[in-house]
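I set out to record what could be looked up in this structure, entry by entry. The sequence and the coordinates are placed here for reference.

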Amino acid sequence: MSFLADKKNEHETACESAIRAGDGAQAIFHAAKAAEFCFALAQQTTGPVSASYVSTAEGWLEIAEKLRRKPLPPLTSATSATSSPTSPSSTPSSSTDDDEFLVADDTGVSFDDIDGMANAKAAIYDMVINPMLQPEKAKALNIKPGGGVLLYGPPGNGKTMFGKAIAHEIKAPFFFASGAQIRSKWHGESEQKLSRLIHAAQEKPVAVLFLDEIDGLLPRRTAESSAVDNRLVTQFLADVGGFKDSPNTLLILGATNKPWEIDEAVFRTGRFDEKIYIEVPDAEARLGMLRRAFKGVALEDGLSLDAWAGKLDLYSGSDVVGLAKKACQIAFRRSIDTDTAPVVRDSDLDQARHVIPSSITTSMLKQFEEFNQKRFG
Ligand SMILES: Nc1ncnc2c1ncn2[C@@H]1O[C@H](COP(=O)(O)OP(=O)(O)O)[C@@H](O)[C@H]1O
Ligand SMILES: [Mg+2]
């Protein structure tokens, strides 16, 4: 029994290593062997334990098949969703069963809507936009648009927004799924659904595939990792490994607030060639957000958005937008209560600041700095 379990684990690990090393034949061999030992374990056990070994075995067989590049089963929801695009304002996190992954034909968010992020925008120009605009020059230099990019940084600073804007800029459909959603909602079928999603995006001439909370999807392995965890990582590596040879352009964006929780293999194997740190906005970016939020709004004489932008250190983009909104609500209430003109005052922003404090902490930033040092320093 423990011999069988040891062999199963051995082949599972070997399969993943082979995928990382790009050795398809070995990967297929070990996936098939892992399945074989799972079936053997299923025969020696009974009830739910046995059933779970059977399902694990089937998972490994599927991986073996995938590695042989057998076309995946036809898609259900992703393709049907494409023909009825979701509105730009729809929240991707809605939890009905029929939108297991969200697809939008146009996200309606553009680069101009994003303040700051100059480096991130430049990296995306190099990786996808310019190679698509200048295909001949790119081809002459062996540059192919697309690939994998990891967007990481503290929450609320525009990772998701940036992903949507990229899709809009390159006029590509936006495929979205979050790691937590894949794990919790698709349990048992997580690998197959993830595969179908990747495959659906790969079939489009140009597409953006956004995998939010990718730390939840591809967690770092621990002694307690479940078979499902391991298979998800292995399957993901197998699926995205092939996209580089495709004539289509696929940009895979993985986003995370916790990059240190991601499986090492995801970094090592070149699946995410680019890693972009999405930082907390600086004063200039915060000013841009404030100007946008107060566009067309009457401000009290002497209220300086410049000065406010300077005061909001450690405010995330989402905090800044929330603060402005709160100030408008406070001004609105006063305007009604006192029957005066709807004007935002400095004191409204002061009051709003107490309701909406900054969500970023210095220890959070330190954690990112340490990660950057360790990983890329
Ligand atoms: N750089 C930015 N420029 C403009 N708005 C931003 C920016 N960063 C964050 N925001 C605002 O905060 C909201 C939340 O950002 P989001 O993309 O969900 O952050 P993340 O995915 O990094 O957690 C956005 O919808 C937008 O209103
Ligand atoms: Mg997000």
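The entries below follow the order in which I looked things up.

**Entry 1. Overview**

I note at the outset that this is a predicted model. I counted 17 helices and six strands in the chain. Of its 377 residues, 39% count as buried. I then turned to contacts between residues at least 6 apart in sequence, and found that 75% of them join residues at least 24 apart.

**Entry 2. Strand 3**

I asked how many of the five residues of strand 3 are buried. The result is five of the five, across residues 174–178, so the strand is largely enclosed by the rest of the structure. In a regular strand, side chains alternate between the two faces of the sheet. I therefore checked each side of strand 3 separately: Phe174, Phe176 and Ser178 are buried on one, and Phe175 and Ala177 are buried on the other, so that both faces are covered.

Next I looked up the pairing partners. Strand 1, residues 102–104, pairs with strand 3 in the antiparallel sense over three bridges. There, alanine 104 stands opposite phenylalanine 174. Strand 4, residues 206–212, pairs with strand 3 in the parallel sense over five bridges. In that pairing I found phenylalanine 210 to be the bridge partner of phenylalanine 176.

**Entry 3. Nonpolar cores**

Which residues of the largest nonpolar core touch the most other members? Among the 70 residues of this core, I recorded Ala31, Leu151, Phe175, Val208, Leu209, Phe210 and Leu253. Helix 2, residues 24–44, supplies the largest share of the core, with eight residues. Domain 1 (2–71) and domain 2 (98–277) each contribute at least three residues to it.

I followed leucine 253 further. Leaving aside residues up to four places away in sequence, leucine 253 touches Val149, Leu151, Gly163, Val208, Leu209 and Phe210. I also noted a second, separate core of 16 residues, which includes Leu290, Tyr315, Ala327 and Ala352.

**Entry 4. Helices 13 and 15**

I examined how helix 13 (residues 283–293) meets helix 15 (residues 317–337). Their axes come within 9 Å and cross at roughly 35°, and the crossing is right-handed. On the helix 13 side, I listed Arg286, Met289, Leu290 and Ala293 as making the contact. On the helix 15 side, the contact residues are Gly317, Val320, Val321, Ala324 and Lys325.

**Entry 5. Glycine 158**

I located glycine 158 in the loop between strand 2 (147–152) and helix 7 (159–169). Is glycine 158 buried or exposed? It counts as buried, because it has 26 C-beta neighbours inside 10 Å, and the threshold is 20 or more. Apart from residues up to four places away in sequence, glycine 158 touches Ile114, Met117, Ile278 and Gly317. I also recorded its distance to proline 281, 9.4 Å from C-alpha to C-alpha, with 123 residues separating the two in sequence.

**Entry 6. Positive phi values**

I looked up two residues that have a positive phi although neither is a glycine. Asparagine 142, with a phi of about 60°, lies in the loop between helix 6 (135–140) and strand 2. With 6 other C-beta atoms within 10 Å, asparagine 142 is exposed. Leucine 314, with a phi of about 70°, lies in the loop between helix 14 (305–311) and helix 15. Leucine 314 has 15 other C-beta atoms within 10 Å, so I entered it as partly exposed.

Conventions:
Residues are numbered from 1 along each chain as its sequence is written. Chains are lettered from A and ligands numbered from 1 in the order in which they are written. This is a predicted model: local features need pLDDT of at least 70, side-chain atom pairs count only at pLDDT 80 or more; totals for chains, interfaces and linings use all residues. A residue is buried if 20 or more other C-beta atoms lie within 10 Å of its own, exposed if 12 or fewer, and partly exposed in between; C-beta atoms are placed from the backbone. Helices (H or I, at least four residues) and strands (E, at least two) are DSSP runs, numbered from the N terminus. Two strands pair if DSSP finds at least two bridges between them. A nonpolar core is a set of buried Ala, Val, Leu, Ile, Met, Phe, Trp, Tyr and Cys residues joined through C-beta atoms within 7 Å. Domain bounds come from an automatic or database domain assignment. Two residues are in contact if their C-beta atoms, placed from the backbone, lie within 7 Å. Axes are lines fitted to C-alpha atoms, for helices over the stretch in contact, and angles run from 0 to 180 degrees between N-to-C directions. A crossing is left-handed if the near helix is turned anticlockwise from the far one by less than a right angle, and right-handed if clockwise.
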